[in-house]
Amino acid sequence: MAMRILIVDDSRHVRTQLKLLLKSGGYTNLVFAETATEAFSYLGIESPEKNDAPPIDLILMDIIMPDIDGINSCRIIKTVEFVRDVPIIMVTGDTSEESLQHAFEAGAMDYITKPLRKVELLARVGAALRLKQETDARKARELELLKATMQLERANQQLEESIRMLERMASVDGLTGVANRRYFDEMIMKEWRRAMRLSQRLSVILI
């Protein structure tokens, strides 16, 4: 399945440019949003139970936007568990050290400067998508390991229950439900050892 990229930018020109450059690199599964609010709606952040849109593998987001800026949008996305691992690349003309520092602190993994350059764009997008694939593969392995561990625990519990049942069956007469000679032998030896250890007497009553 092709990796899906969400592009969030209020500039139609930038969205068109990103579309052409990404398609030239083989990335055709693209989704567009003009504002952070629109992006949140597509991601299902506000109503995850109603979200049936295909998952996003990478977000390209402008820093300067009309409703919620890219840095705060990134910070919000990283607080939502089911989209937390989606890498975010800032696409910005603001390359000031302070702005980039805030972007990285908010959770962005990389940035691309405007005006866009094809080689840089495709290289950074490719690296981000490889990271996403590795993260997804690791999470899938962890989930499989968790399932296998739970199955093993259930099997051990069933085995322990079976052993306890067999022990009860071996110690009780099937007809009367009274403890049998084997149980008596086990208990008399146990009580004998305890009496010897505590220097106490042991009595047996035959009825």
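Reader: How are helices and strands assigned here, and where is Leu202 found?

Author: Helices (H or I, at least four residues) and strands (E, at least two) are DSSP runs, numbered from the N terminus, and Leu202 is found in the segment after α6 (181-198). This is a predicted model, in which local features need pLDDT of at least 70 and side-chain atom pairs count only at pLDDT 80 or more, while totals for chains, interfaces and linings use all residues. Residues are numbered from 1 along each chain as its sequence is written, and side-chain values use heavy atoms, with hydrogens and water left out.

Reader: Is Leu202 buried, partly exposed or exposed?

Author: Buried means under 20% relative accessible area, exposed means over 50%, and partly exposed lies in between (1.4 Å probe, protein chains only). Leu202 has 33% relative accessibility, so it counts as partly exposed. Across the protein, buried residues make up 32% of the 207 residues.

Reader: What pattern does the protein follow along the sequence?

Author: Its secondary structure comes to 6 helices and 5 strands, and the pattern, read along the sequence, is β-α-β-α-β-α-β-α-β-α-α. The radius of gyration (taken over C-alpha atoms) is compared with the globule rule, 2.2 Å times the number of residues to the power 0.38. Because the protein has a radius of gyration of 33 Å, well over the 17 Å that this rule gives for 207 residues, it is more spread out than a compact globule. Its C-alpha atoms fill a box of roughly 100 × 35 × 30 Å along the principal axes.

Reader: What share of the contacts with a separation of 6 or more joins residues 24 or more positions apart?

Author: With contact meaning heavy atoms within 4.5 Å, such residues account for 61% of those contacts in the protein.
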